[in-house]
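Visitor: I have the coordinates open and would like to talk through the fold with you. Could you start with the sheet and go on from there?

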Amino acid sequence: MPPSPVVLILGAGPNIGQHVAQAFAAKGYKVALTSRSAKKQSSEDEVNISCDLSDPKSVVNVFDKVKELLGLPSVVVYNAGAATSNDPKDPFSLPYADFAMDLNINTSSVFVAAQQAVLAFKQLPDSASKTFIYTGNKLNNAITIAPMLNLGVGKSATAHMIQSAAAAYAERGFKFYYADERKADGSPAYSSIDGEAHGKHYLQLAEGKEQEPWQQTFVKGMGYKKFPTV
């Protein structure tokens, strides 16, 4: 009997992270979850790892631990995010230390996670999912929210990274997605973000055989829906 596939969820919060974990566990995946505290007890099929994603080097240690305890991940979900607000009338008053820390969480650690995911995917059989999903929002699409300069910078940079990866690795069967939940009219979900909808959509992307549109704008109960980018 082949070993159970492994999903690694970086940033396992109580809404999206936990629902994504439940969706994959229900399909027979072993689950690795990271958070800063990682207070939940681990089991044979679920490992909880403490990780501070403001330090990109910590991501390598997470992958090493997942490989040791569960095996190579065939699905990697990056669900962490950070947003230190700035003065909307004076965005460059934001301390550089805060800008750099948020950029590490929103982009730099994503780069390391994607790099480690590719190394894992190269070792997996052709039948493996080999899917990387980043939880994004609409800030990469020519909109700004005045007090969230650094969040917009991070999401835009990471969207470019995901788009590049989706094109570069498609022939190898590695899939990369920037996921962005919207309302039916295309506006951001904001406080209406639905963890269960994320779990369902992320599982669908992982089970797909080929790269779908890298920018996965989706609506609860509808799935993928393309919206104008501006």
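Guide: The strands form an open sheet of 8 with mixed pairing, in the order β3-β2-β1-β4-β5-β6-β7-β8. Strands β3 and β8 (223-224) stand at the edges with a single partner strand each, so one side of each has no neighbour in the sheet. Two strands pair here if DSSP finds at least two bridges between them, and the elements are DSSP runs numbered from the N terminus, with helices being H or I of at least four residues and strands E of at least two.

Visitor: Before we go on, what kind of model is this, and how are the residues numbered?

Guide: This is a predicted model, in which local features need pLDDT of at least 70 and side-chain atom pairs count only at pLDDT 80 or more, while totals for chains, interfaces and linings use all residues. Residues are numbered from 1 along each chain as its sequence is written, and side-chain values use heavy atoms, with hydrogens and water left out.

Visitor: Back to the edges, then. In which sense do β2 and β3 pair, and over how many bridges?

Guide: β2 and β3 pair in the parallel sense over 5 bridges, and threonine 34 stands opposite isoleucine 49 in β3. Although β3 is an edge strand, 4 of its 5 residues are buried, where buried means under 20% relative accessible area, exposed means over 50% and partly exposed lies in between, with a 1.4 Å probe and protein chains only.

Visitor: And how does β7 run relative to β8?

Guide: β7 (residues 215-219) and β8 run antiparallel and are joined by 2 bridges; the bridge partner of valine 219 in β8 is glycine 223.

Visitor: What about β4, which way do its side chains point?

Guide: Val75 and Val77 point one way from β4, whereas Val76 and Tyr78 point the other way, and all are buried. Strand β4 runs parallel to β1, with 4 bridges joining them, and β4 also pairs with β5 in the parallel sense over 4 bridges. Valine 77 takes part in both pairings, as the bridge partner of isoleucine 9 and as a residue whose partner in β5 is isoleucine 133.

Visitor: Let's move to the helices. Which residues of α2 are buried?

Guide: In α2 (residues 57-69), the buried residues are Ser58, Val59, Val62, Phe63 and Val66. They lie on the same side of α2 because they cover an arc of only 145° around the axis, taken from the directions from the helix axis to the C-beta atoms. On the other side of α2, Lys57, Asn61 and Glu68 are exposed.

Visitor: What do those buried residues pack against?

Guide: Their partners are β1 (6-10), β2 (30-35), β3 (46-50), β4 (75-78) and α3 (96-121), with contact meaning heavy atoms within 4.5 Å. Helix α2 lies across β1, β2, β3 and β4 and runs at about 150° to β1; such angles run from 0 to 180 degrees between N-to-C directions, and the axes are lines fitted to C-alpha atoms, for helices over the stretch in contact. After α2 comes glycine 71, whose phi is positive, near 120°.

Visitor: Changing topic, how do α1 and α5 pack?

Guide: Helix α1 (residues 16-25) and helix α5 (residues 195-207) pack at an angle of about 45°, and their axes are 8 Å apart. That angle makes α1 oblique to α5, since under 35 degrees counts as roughly parallel, over 145 as roughly antiparallel, 65 to 115 as roughly perpendicular and the rest as oblique. Residues making the contact include His19 and Phe24 of α1 and Tyr202 and Leu203 of α5.

Visitor: Is serine 109 buried or exposed?

Guide: Serine 109, which has its place in α3, is buried, with a relative accessible area of 0%. Not counting residues up to four places away in sequence, serine 109 touches Leu53, Asp55, Pro56, Val59, Tyr78 and Asn104.

Visitor: Last one: which loop holds lysine 130, and what is its phi?

Guide: Lysine 130 lies in the loop between α3 and β5, with phi near 55°, a positive value in a residue other than glycine, and lysine 130 is buried at 5% relative accessible area. Tyrosine 190, in the loop between β6 (175-182) and α5, also has a positive phi, near 50°, but tyrosine 190 counts as exposed at 51% relative accessibility.
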